[in-house]
Amino acid sequence: MATVLVVDDTPDVASLMARFLERAGHDVAIAGDGLHGLRMARANPPDVILLDIMMPRMDGLEVLRHLKEDPELHLIPVILVTAKSDQQDVVAGLNAGAHDYVAKPFTREILVARVASAARVKQANDRLVEANRRLQEEIAERERVQRELAEARRLESIGHLAAGIAHELNTPAQYVGDNIRFLKDALSDVEGLLNRLQFLVQAAKQDGRSEGFVAKVEQAMRDADIAFLAAEVSKAIDQSLEGVEQVANIVRTMKEFAQPGGRPKQAVDLNRMILGTLTMVRNEWKYVAELATDFADDLPPVACLPADLSQAVLNLVVNAAEAIAKAVGDGARGKGTLTVRTRRDGDWVEVRVEDTGVGIPESIRDHIFDPFFTTKEVGQGLGQGLSHARSIVVERHGGSLAFETEVGRGTAFIIRLPIADSTKSAPVDDRELAAAHG
Ligand SMILES: Nc1ncnc2c1ncn2[C@@H]1O[C@H](COP(=O)(O)OP(=O)(O)OP(=O)(O)O)[C@@H](O)[C@H]1O
Ligand SMILES: [Mg+2]
């Protein structure tokens, strides 16, 4: 039935108990003193321990203390075996975590019944521990699947945005190329000029006279249009550097964006990250909106998961662009405005993504954060953008995501993040409650 360890320094008592218990169907081992008992329990954890209190070397209460401190053994029920006079020790023992006690002299029935009761408790405990272990495994598995899903979503976003990103990379690449070709032509003009100058200087030396020389040099410089070259070369270099910077920015954001999840938070320059995200998805908004940015210059680095946060901002920007597109139609009414602001507010930073789009009708305001809620036509959108953004901001960063909106005028989504790493939930933002006073 159960394995029982009897720890008692009186051999007669120990073997009597063993006999009773074996007859009741248990497996019994005997330890002749406390130290021994502890060693045997560690080597081979039993289901129940019968522990004598009065023993040399290490008494029962001390053994009990060691057992309860040991994470491998602390769940084993311990029954103290005491003499009638040990009342105080019994109380101390029960307070220290003993399961029960048996007073000497004991009857067979009492001993067997108490051990059976302790064994039942142990069994129930074992089942709980096992159930808990399985639960932990399931949770770990679910977390793994969630991480994979988040990563799949991120890659899907990149796939979806690929054409736009390619375009954004191609434009600077093209003018960097044009400029470098121009620089090559310009250089060959300069070379021609230098050759001519050298020839003229040589000729002037041989003549020994310099009349007409200055005029000819001047003519040569006019021919080469040195002033124009100098201005254009410098412009071409500046433009090329700008283009290269833009390419680097997009590539860096893509790299951050595609980074696998499950990494620790990093201190991030939010303004730079947002600018990178806006550049990466420029193709999504540039046809319908002018961009205005209002970035606080006193933003401290914010502890965050850059790939996730960038995804959240991206979802808001894409929604804003879609709302503006609905408002400006084919563009006959001009472009709308996409405004992105950052601001420090005490221990928090605030990111606002504002649009001059159609606004959110009162009737759907309670639903927009629901997974799969969308007003797009079937096949156009999954309705995942906002629910995903909210779980990133609230669950992974301990922040809040709220909005203000007015039908026909536009919408602002507001991300608030704690500056220091904190995944505990943010206090409820009353803006979220009073979210809309459209
Ligand atoms: N800035 C906004 N202006 C107006 N309406 C918005 C705005 N952002 C979201 N909405 C509304 O909320 C709904 C849900 O947005 P969400 O981003 O979750 O899904 P979606 O944009 O419809 O689809 P998906 O993002 O998966 O492509 C949208 O369909 C739209 O009706
Ligand atoms: Mg969306």
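## A helix pair, a ligand shell and two loops

Asp-126 and Lys-122 both belong to helix α5, which spans residues 108-207. They sit 4 residues apart, about one turn of the helix. This is a predicted model.

What joins the side chains of Asp-126 and Lys-122? They meet in a salt bridge, with 3.1 Å from N to O. Side chains of opposite charge can pair when their charged atoms come close. The structure holds 27 salt bridges. The pair Asp-126 and Lys-122 is one of them.

Now turn to the ligand. The space taken by ligand 1 is the largest pocket. Three elements give two or more residues each to the shell around ligand 1: α10 (306-328), α11 (385-395) and β12 (410-418). Which element gives the largest share of that shell? Helix α10 does, with 4 residues.

There are 21 residues around ligand 1. Asn-319, Thr-374, Thr-375, Gly-383 and Leu-386 come nearest. What classes make up the shell? By class, 9 residues are nonpolar, 9 are polar and 3 are charged.

Some polar atoms of the protein lie beside polar atoms of ligand 1. The table lists these contacts.

| Residue and its atom | Atom of ligand 1 | Distance |
|---|---|---|
| Asp-355, polar side-chain atom | nitrogen | 2.9 Å |
| Thr-375, polar side-chain atom | oxygen | 2.5 Å |
| Gly-385, backbone N or O atom | oxygen | 3.4 Å |

How much of ligand 1 does the protein bury? Taken alone, ligand 1 exposes 590 Å². The protein buries 89% of that. Thr-375 appears twice in this picture. It is among the residues that come nearest to ligand 1, and its side chain supplies a polar atom 2.5 Å from a ligand oxygen.

Two loops deserve a look at the backbone. Start with Pro-105, in the loop between β5 (100-104) and α5. Is the peptide bond from Lys-104 to Pro-105 cis or trans? The bond is cis, with omega near -5°. Helix α5 therefore links two parts of this report: the loop with Pro-105 lies between β5 and α5, and α5 also holds Asp-126 and Lys-122.

The other loop lies between β3 (48-52) and α3 (60-69), and Arg-57 has its place there. What is the phi of Arg-57? Phi is near 70°. That is a positive value in a residue other than glycine.

How values were computed
Residues numbered from 1 in each chain as written. Chains lettered and ligands numbered in written order. Predicted model: local features only at pLDDT ≥ 70, side-chain atom pairs only at ≥ 80, totals over all residues. Heavy atoms only, no water. Near = heavy atom within 4 Å. Polar contact = N/O pair within 3.5 Å; in protein donor to acceptor, adjacent residues only side chain to side chain. Areas by Shrake-Rupley, 256 points an atom, 1.4 Å probe, with all protein chains shown as cover. 1 Å grid on protein atoms, 1.4 Å probe; cavity = no way out; pocket = protein on both sides within 12 Å on 5 of 7 lines; lining within 4 Å. Sits in = over half its atoms within 2 Å of the grid points. Nonpolar A, V, L, I, M, F, W, Y, C, P; charged D, E, K, R; others polar. Salt bridge = Lys/Arg side-chain N within 4 Å of Asp/Glu carboxyl O.
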